[in-house]
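This report goes through one protein model, from its strand pairing to its overall dimensions. The sequence and structure come next.

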Amino acid sequence: MSRSFEELLREAEAVPVDGWDFSWLDGRATEQRPSWGYQRTIGERLARVHAALDLQTGGGEVLAGVPELPPVMVATEGWPPNVALATRLLHPLGAVVVADAEEGPLPFAAEAFDLVTSRHPVAVRWAEIARVLRPGGSYLAQHVGPASVFELVEYFLGPQPEAVRRGRHPDDAHREAAAAGLEVVDLRLESLHTEFRDIGAVVYFLRKVIWMVPGFTVERYRDRLLELHRRIEAEGPFTARTTRYLIEARKPA
């Protein structure tokens with residue numbers, strides 16, 4: 001028997017949304033993963049360097065799943081609840097977590113790191129990344145691409161201007177990296193399948209990824225949520241396209 005709209009809302013509103021562990025969505029939502037396997041990719045590179053920096057680490061979940069960290073491993077995070085989560089998770093593994101406002105200069109000396117990584121950064125400080133990389137070092141990251149999950153975004157916000165839909169385009173990242181003096185040596189974009197199987201999964205996702213529908217609350221969007229709940233009940237999962245790109249930008253030796 002299907003669960004009621006109100007029951008699903010109450011459950012999704014009550015669950016904590018700190019960190020970047022999305023395991024609560026198991027069985028309720030799915031997201032196809034990029035072919036390059038980001039955690040595996042950075043794991044291979046981290047095992048070969050001496051000093052690395054992971055920017056906007058969230059709760060540290062991705063970094064903690066890497067088999068071998070380098071002798072010097074630093075992670076930054078700007079949201080206080082996530083700083084606490086990442087500290088508890090990464091300190092036992094030998095990584096240092098630094099609270100960083102995610103704007104302005106990075107709190108590190110020039111040429112301090114062989115590798116800088118980041119998974120789904122909100123903003124990229126290209127000039128600062130170039131500054132803290134040693135000559136020959138690389139920035140290796142997975143970014144959210146343009147119009148990602150916009151089927152869901154536009155369901156709540158309506159059609160978005162082309163400039164908004166084009167935001168986070170990899171061509172822009174390529175240009176900004178080059179302007180900072182980095183050479184882009186790898187750039188791969190993929191469009192992937194995502195589905196939400198109940199309205200609770202939608203609510204949880206929008207509470208956690210707060211920039212998708214700014215100012216989202218259940219009360220504000222209750223009517224649209226009820227309509228979407230009925231649609232899922234009648235037609236099956238709500239589907240969307242997620243875009244991701246892998247970028248590696250190297251500092252000249």
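Two strands are said to pair if DSSP finds at least two bridges between them. Helices (H or I, at least four residues) and strands (E, at least two) are DSSP runs, numbered from the N terminus. The model is a predicted one, in which local features need pLDDT of at least 70 and side-chain atom pairs count only at pLDDT 80 or more, while totals for chains, interfaces and linings use all residues. Residues are numbered from 1 along each chain as its sequence is written, and side-chain values use heavy atoms, with hydrogens and water left out.

**Strand E2 and its partners**

The protein has 10 helices and eight strands. Strand E2 covers residues 51–55. It pairs in the parallel sense with strand E5 (residues 113–119) over four bridges, and within that pairing Thr117 of E5 is the bridge partner of Asp54. E2 also runs parallel to strand E3 (residues 72–77), to which four bridges join it; here Ala51 stands opposite Val72.

Buried means under 20% relative accessible area, exposed over 50%, and partly exposed in between (1.4 Å probe, protein chains only). By that rule five of the five residues of E2 are buried. Both faces of the strand are covered, with Ala51, Leu53 and Leu55 on one side and Ala52 and Asp54 on the other.

**Strands E6, E7 and E8**

Strand E8 (238–250) has antiparallel partners. Strand E6 (residues 133–144) pairs with E8 over seven bridges, and Ala141 has Ile247 of E8 as its bridge partner. E7 (residues 183–196) is joined to E8 by 13 bridges, also in the antiparallel sense, with Arg188 opposite Leu246 of E8. Because 10 of its 13 residues are buried, E8 is largely enclosed by the rest of the structure.

Val185 belongs to E7 and is partly exposed, with a relative accessible area of 35%. Contact means heavy atoms within 4.5 Å. Leaving aside neighbours within four places in sequence, Val185 is in contact with Glu248 and Arg250. The C-alpha atoms of Val185 and Glu248 are separated by 5.7 Å, although the two residues are 63 apart along the chain.

**Helix H6**

Which residues of helix H6 (residues 150–157) are buried? They are Phe150, Leu152, Val153, Tyr155 and Phe156. These buried residues pack against helix H7 (162–165), E7, helix H9 (199–208), helix H10 (222–235) and E8. Just after H6, Gly158 takes a positive phi of about 85°.

**Loop residues**

Most residues other than glycine have a negative phi, and most peptide bonds are trans. Gln56 has a positive phi although it is not a glycine, and His120 likewise has a positive value in a residue other than glycine. The table lists three loop residues with their positions and relative accessible areas.

| Residue | Loop | Relative accessible area |
|---|---|---|
| Gln56 | between E2 and helix H3 (61–64) | 13%, buried |
| His120 | between E5 and helix H5 (126–132) | 17%, buried |
| Gln32 | between strand E1 (29–31) and helix H2 (38–46) | 41%, partly exposed |

The phi of Gln56 is about 50°, and that of His120 is near 60°. Leaving aside neighbours within four places in sequence, Gln32 is in contact with Leu192 and His193. Gln32 and Arg3 are 29 residues apart in sequence, and their C-alpha atoms are 26 Å apart in space.

**The whole chain**

The radius of gyration is taken over C-alpha atoms, and the globule rule is 2.2 Å times the number of residues to the power 0.38. For 253 residues a compact globule would have a radius of gyration near 18 Å, and the 19 Å of the protein agrees with this. Along its principal axes the C-alpha trace spans about 60 × 40 × 30 Å.

Of the 253 residues, 48% count as buried. Among contacts between residues at least 6 apart in sequence, 69% join residues at least 24 apart. Accessible areas come from the Shrake-Rupley method with a 1.4 Å probe, and for residues only the protein chains shown count as cover. The accessible surface comes to about 12,000 Å², of which 53% belongs to carbon and sulfur atoms.

Lys and Arg count as positive and Asp and Glu as negative, while His and the chain ends are not counted. The place of a charge is taken as NZ of Lys, CZ of Arg, CG of Asp or CD of Glu. On this basis the protein has 29 positive and 36 negative side chains, and the centres of the two sets lie 1 Å apart.
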